[in-house]
Structure formats: structure tokens, C-alpha cells
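Student: Let's take a close look at one part: the surroundings of ligand 1. Then tell me how the rest of the chain is put together around that.

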Amino acid sequence: MAITKVGVLGCGLMGAGIAQVAAQAGFMTVVREVNQAVLDKGLDRINAILEKDVSKGKLSAADRDASLARLYGTTSFEDLADCDLIIEAIVEQLPAKREVFTALDELCPPSTIFVSNTSSLTIMEMAAVTKRPDRFAGLHFFNPVPVMKLVEIVRALTTSDETIASLHEFTRALGKTPINTSDTTGFIVNRLLVPFLLDAVRLLESGVATREDIDEGMKLGCGHPMGPLTLLDFVGIDTVYSIANIMFDEFREPRFAPPPLLRRMVLAGHFGRKSGQGFYSY
Ligand SMILES: CC(=O)CC(=O)SCCNC(=O)CCNC(=O)[C@H](O)C(C)(C)COP(=O)(O)OP(=O)(O)OC[C@H]1O[C@@H](n2cnc3c(N)ncnc32)[C@H](O)[C@@H]1OP(=O)(O)O
Ligand SMILES: NC(=O)C1=CN([C@@H]2O[C@H](COP(=O)(O)OP(=O)(O)OC[C@H]3O[C@@H](n4cnc5c(N)ncnc54)[C@H](OP(=O)(O)O)[C@@H]3O)[C@@H](O)[C@H]2O)C=CC1
């Protein structure tokens with residue numbers, strides 16, 4: 001089906017990026033947050049990134065204005081009722097995700113495709129609370145969304161071929177490259193990335209090296225753009241902690257178990273860049 005209007009749930013780190021790229025690619029885009037203050041923070045972030053692109057000469061002022069004219073922020077679910085595609089990017093917790101999909105399933109026509117940007121949850125657990133399991137899939141973006149070219153398209157047991165084809169077309173229209181994966185916790189990239197990030201925390205915890213030397217090691221030794229502890233701060237310690245727990249629950253392998261330090265950091269509110277404190281201070 002042709003997608004012209006996109007609804008995004010959540011205007012945090014990922015939701016804001018997804019809403020931005022959708023509006024820039026020419027889609028009418030509605031982004032929904034829980035309250036006006038959180039929404040304003042997310043919309044401010046989008047404005048600041050577009051402004052920076054204009055000042056760098058990467059984007060014309062006219063294109064910025066046109067993109068912003070296609071983007072609408074709301075705190076109401078009703079404003080998403082006529083969307084062709086709903087992309088969920090709220091907190092990495094199953095009950096919260098099931099709740100928003102249950103609410104939208106009542107509001108949106110049967111033709112609307114629902115997708116989750118989850119990093120690690122099972123798509124089928126969300127599809128099962130809706131009456132559209134064939135029009136339900138995973139669409140996993142990478143952080144920062146405007147920069148990272150990859151999108152994982154996740155086929156649940158019930159996802160139809162038509163839905164997958166529409167998501168391929170949509171992903172290409174955003175200027176991203178899709179890869180296909182089955183509905184297995186962590187899909188492709190996080191299945192490989194998360195144990196690596198957790199191992200970096202274990203190295204720090206066990207006193208093998210300083211945070212700076214661990215990060216420098218992987219940057220200069222392996223050509224990673226960011227060291228693993230910097231990347232943990234960038235993704236969000238709270239988010240990685242949730243992902244690790246979900247992956248450990250699924251596979252019961254020690255390499256997915258969150259190291260004790262991660263749990264203590266979450267309890268302390270040290271969520272990384274978004275809270276001002278993580279492995280580093282911001
Ligand atoms: C958890 C999950 O489920 C899945 C995940 O997402 S895992 C995380 C995946 N992401 C990564 O691994 C990111 C690794 N880091 C990087 O690729 C790079 O460090 C980076 C792109 C974030 C920054 O690049 P850098 O060269 O160090 O810094 P910088 O020069 O400031 O930025 C490079 C470009 O990205 C842009 N950029 C950086 N951060 C940005 C952001 N948050 N939003 C938009 N654009 C951004 C900059 O504007 C800059 O653009 P130009 O080249 O056009 O000037
Ligand atoms: N961070 C990353 O690098 C990546 C994350 N993801 C996935 O994207 C999703 C969002 O992550 P991210 O953007 O980092 O998280 P953020 O914490 O930045 O944003 C989540 C947003 O959802 C809102 N929210 C929280 N609880 C609810 C709820 N019950 N109902 C509706 N909205 C709610 C939050 O509002 P409030 O601030 O008020 O809590 C917040 O604005 C997660 O599933 C994550 O796993 C996928 C790829 C990469």
C-alpha cells in the first residue's frame with residue numbers, strides 16, 4: 001500500500017530522529033508524546049539539528065521550512081488515526097508498548113501498518129494484542145537516525161509479504177538501506193553488538209583498564225567511530241540495561257547478562273548523555 005502519512009510514537013532520542021527523517025523525505029508526519037514538556041524537548045532537538053544542517057550548508061532554509069511544515073507534534077492518540085504507518089519508539093518496556101498498540105488498534109483503520117522500533121523485544125508479543133498481526137512488523141533504526149544508513153526490517157511469524165514490501169519501499173524512500181531479519185531477540189546487529197558493549201563494562205568493572213583506554217583501544221585498534229563506553233552513554237544506559245535483561249531472559253546465556261555496574265548506574269539515574277552523567281560527564 002502507498003504510505004503518505006506517518007505517525008511516530010515517542011519523541012525521545014529515536015522517535016525525534018525518525019520523525020525528522022520521515023518529514024524530510026516528504027511524508028506528512030505526526031509525532032506523539034506523553035506530555036507537552038517532553039514533546040517540546042523532542043521538537044526542539046529536531047529544530048536544532050535542522051538549523052545546524054542549514055548553517056553548514058547541507059540543507060536549504062526553504063527545505064528546512066518545508067520539512068517542518070510536514071511535521072506536527074501532539075499529545076493525543078486521535079491525531080494519529082488517519083496515518084498509513086505507525087512507528088512506535090517509546091521506552092523499551094513491553095507493557096508500555098502493548099498499551100499504545102492496543103489503543104491505536106481501536107483508532108486506526110485496518111489498512112494501517114504498525115511497526116515497533118524495539119531493540120530487543122519480540123515483535124510477535126506486540127502484534128498479538130492487535131487485530132492486524134499481518135500488518136505488524138519490526139522497523140529497527142539506528143542512533144543517530146539522521147546519520148545511520150541501516151534499518152532492520154523484522155518479519156514476525158504473522159507478517160504478510162505485502163507489509164514487508166511496503167516497509168522496504170518506505171525505508172528506501174527515507175534514503176536508508178534495509179536488511180531483513182526474523183523476529184529473534186536482538187535481530188542481527190544487537191545480537192552481535194550488545195555482548196560486546198557488556199564485555200566492555202566487565203573489563204572496566206574488573207579493573208583491567210580505565211574507561212579512556214578501553215574506548216581508545218577499540219577506536220584506534222579496530223577503527224570504531226566511538227569506544228564502547230562512549231557508545232553506551234550515547235545509546236542510553238537505561239535502554240541498554242533493558243535490552244540486556246530482555247536478551248538474557250530469552251537466551252539464558254551469561255554473555256547477555258547485564259553486569260552489576262550497569263544496574264547500579266540505572267538506579268543512580270546515570271543514563272548517559274541524556275541525563276548528563278554516564279561513564280563520562282556531559
Ligand atoms: C541500541 C540499538 O538498538 C541500535 C543502535 O542504534 S546501536 C548504536 C549505533 N550507532 C553507532 O554505533 C554510532 C557510532 N558513532 C558514530 O557513527 C559517530 O561517532 C557519529 C556519527 C555519532 C558522530 O560522528 P563524528 O564524526 O564522531 O562526529 P561529528 O563530526 O560531530 O558528526 C559526523 C556527522 O554526523 C552528524 N551528527 C552527529 N550526531 C548527530 C545527531 N545526534 N543527529 C544528527 N546528526 C548528527 C554531524 O552533524 C556530522 O554531520 P556532517 O558530517 O554533515 O557535518
Ligand atoms: N537509544 C538507542 O540508541 C536506540 C533505541 N532503540 C529503541 O527505541 C525505543 C526508544 O528508545 P530511545 O528513543 O532511546 O528512548 P528515550 O528514553 O529517549 O525515549 C522514549 C520516549 O518514550 C516516552 N515514554 C516513556 N514511557 C512511555 C509510555 N508508557 N507511553 C508512551 N511514551 C512513553 C518517553 O517519555 P519520558 O521521557 O516522559 O519517559 C520518551 O520520550 C526503545 O524501544 C529502544 O530500545 C532502537 C534503536 C537505537
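Tutor: I'll take the ligand first, then the annotated spans and the cores.

Some ground rules: this is a predicted model, where local features need pLDDT of at least 70 and side-chain atom pairs count only at pLDDT 80 or more, while totals for chains, interfaces and linings use all residues. Residues are numbered from 1 along each chain as its sequence is written, chains are lettered from A and ligands numbered from 1 in the order in which they are written, and side-chain values use heavy atoms, with hydrogens and water left out.

Ligand 1 has 19 residues around it, and the closest are K56, K58, S119, H140 and N143; a residue counts as near if one of its heavy atoms lies within 4 Å. Three polar contacts (N or O pairs within 3.5 Å) stand out for a look. K56 puts a polar side-chain atom 2.6 Å from a ligand oxygen, and K58 has one 2.7 Å from an oxygen of ligand 1. With N143 the backbone does the job: one of its polar backbone atoms is 2.7 Å from a nitrogen of ligand 1. Taken alone, ligand 1 has 1000 Å² of accessible area, and the protein covers 64% of that (Shrake-Rupley, 1.4 Å probe). As for elements, α2, α7 (189-205) and α9 (228-235) each give two or more residues to the shell, and α9 gives the most, three. Helices here are DSSP runs of H or I, at least four residues, and strands are E runs of at least two, numbered from the N terminus.

Now the spans. An unreviewed UniProt entry annotates 5-183 as "3-hydroxyacyl-CoA dehydrogenase NAD binding" and lists 186-282 as "3-hydroxyacyl-CoA dehydrogenase C-terminal"; such annotations may be inferred rather than shown by experiment. Residues 5-183 are 41% helix and 22% strand, with end C-alpha atoms 26 Å apart. For 186-282, it's 62% helix and 0% strand, with the ends 28 Å apart.

Finally, the cores: sets of buried Ala, Val, Leu, Ile, Met, Phe, Trp, Tyr and Cys residues joined through side-chain atoms within 4.5 Å, buried being under 20% relative accessible area with a 1.4 Å probe, protein chains only. The largest has 35 residues, with I87, L139, F141 and F170 making the most contacts inside it. Its biggest contributor is α1, with seven residues. Beyond four places in sequence, F141 is in contact (heavy atoms within 4.5 Å) with partners including M14, I18, I87 and L150. A separate second core of 23 residues includes A200, V201, I243 and L262.

Notes
Buried means under 20% relative accessible area, exposed over 50%, partly exposed in between (1.4 Å probe, protein chains only). A polar contact is a pair of N or O atoms within 3.5 Å; within protein, one must be able to donate a hydrogen and the other to accept it, and residues adjacent in sequence count only if both atoms are side-chain atoms.
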